[in-house]
Amino acid sequence: MAAFTVRLSDETAAKLDQLAGKVDRSRSYVAAQAIEDYVAREEWQLAEIEAGLGEADRGEFASEQELADVVAKYVKPSLDR
């Protein structure tokens, strides 16, 4: 297991201590968990971006109808029309 030093503002360190106390864990545990969560999220997001760029490079785009279908799921028609 690797160990390293991280510098935080006094305000962030105090908030970290408060969170650690609330979950009955050490400051190190909470910080390590936060870093692990961040790394996992960033890895996922970058993999999705790379996959999307690969699809774009291959010319794999949604049709106008496919795009309209997705938008229709989330946008309600205006009642003013």
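**A short tour of a helical chain**

Hi everyone, let's start with helix 2. Its 31 residues, at 1.5 Å a residue, should span 45 Å, and the end C-alpha atoms are indeed 45 Å apart, so the expected and computed spans agree. Please keep in mind that this is a predicted model.

What follows helix 2? That would be G59, a residue with a positive phi, near 75 degrees.

Now let's step back to the loop between helix 1, residues 10-22, and helix 2, because that is where D24 is found. D24 is not a glycine, and yet its phi is positive, about 55 degrees. Is D24 buried or exposed? Its relative accessible area is 70%, and the cut-off for exposed is over 50%, so D24 counts as exposed.

Back to helix 2, which covers residues 27-57 and includes Y38. Y38 has a relative accessible area of 46%, so this tyrosine is described as partly exposed. Y38 also belongs to a nonpolar patch on the surface, together with F4, V6, L8, I35 and V39. Taken together, the patch has about 580 Å² of accessible area. A general reminder here: an α-helix has 3.6 residues a turn, so residues three or four places apart point the same way.

Finally, a word on annotation. An unreviewed UniProt entry gives residues 4-42 the label "domain: Ribbon-helix-helix protein CopG". In this model, the chain over residues 4-42 is 74% helix and 0% strand. The C-alpha atoms at the two ends of that stretch are 20 Å apart.

That's my tour, thanks for listening!

Methods: Residues are numbered from 1 along each chain as its sequence is written. This is a predicted model: local features need pLDDT of at least 70, side-chain atom pairs count only at pLDDT 80 or more; totals for chains, interfaces and linings use all residues. Side-chain values use heavy atoms; hydrogens and water are left out. Patches are made of residues with over 30% relative accessible area and no salt bridge: like charges are joined within 9 Å, nonpolar side chains (Val, Leu, Ile, Met, Phe, Trp, Tyr) within 5 Å. Accessible areas come from the Shrake-Rupley method with a 1.4 Å probe; for residues, only the protein chains shown count as cover. A salt bridge is a side-chain nitrogen of Lys or Arg within 4 Å of a carboxyl oxygen of Asp or Glu. Helices (H or I, at least four residues) and strands (E, at least two) are DSSP runs, numbered from the N terminus. Buried means under 20% relative accessible area, exposed over 50%, partly exposed in between (1.4 Å probe, protein chains only). UniProt positions are given in the numbering used here, feature names are shortened, and annotations may be inferred rather than shown by experiment. The expected span of a helix is 1.5 Å times one less than its number of residues.
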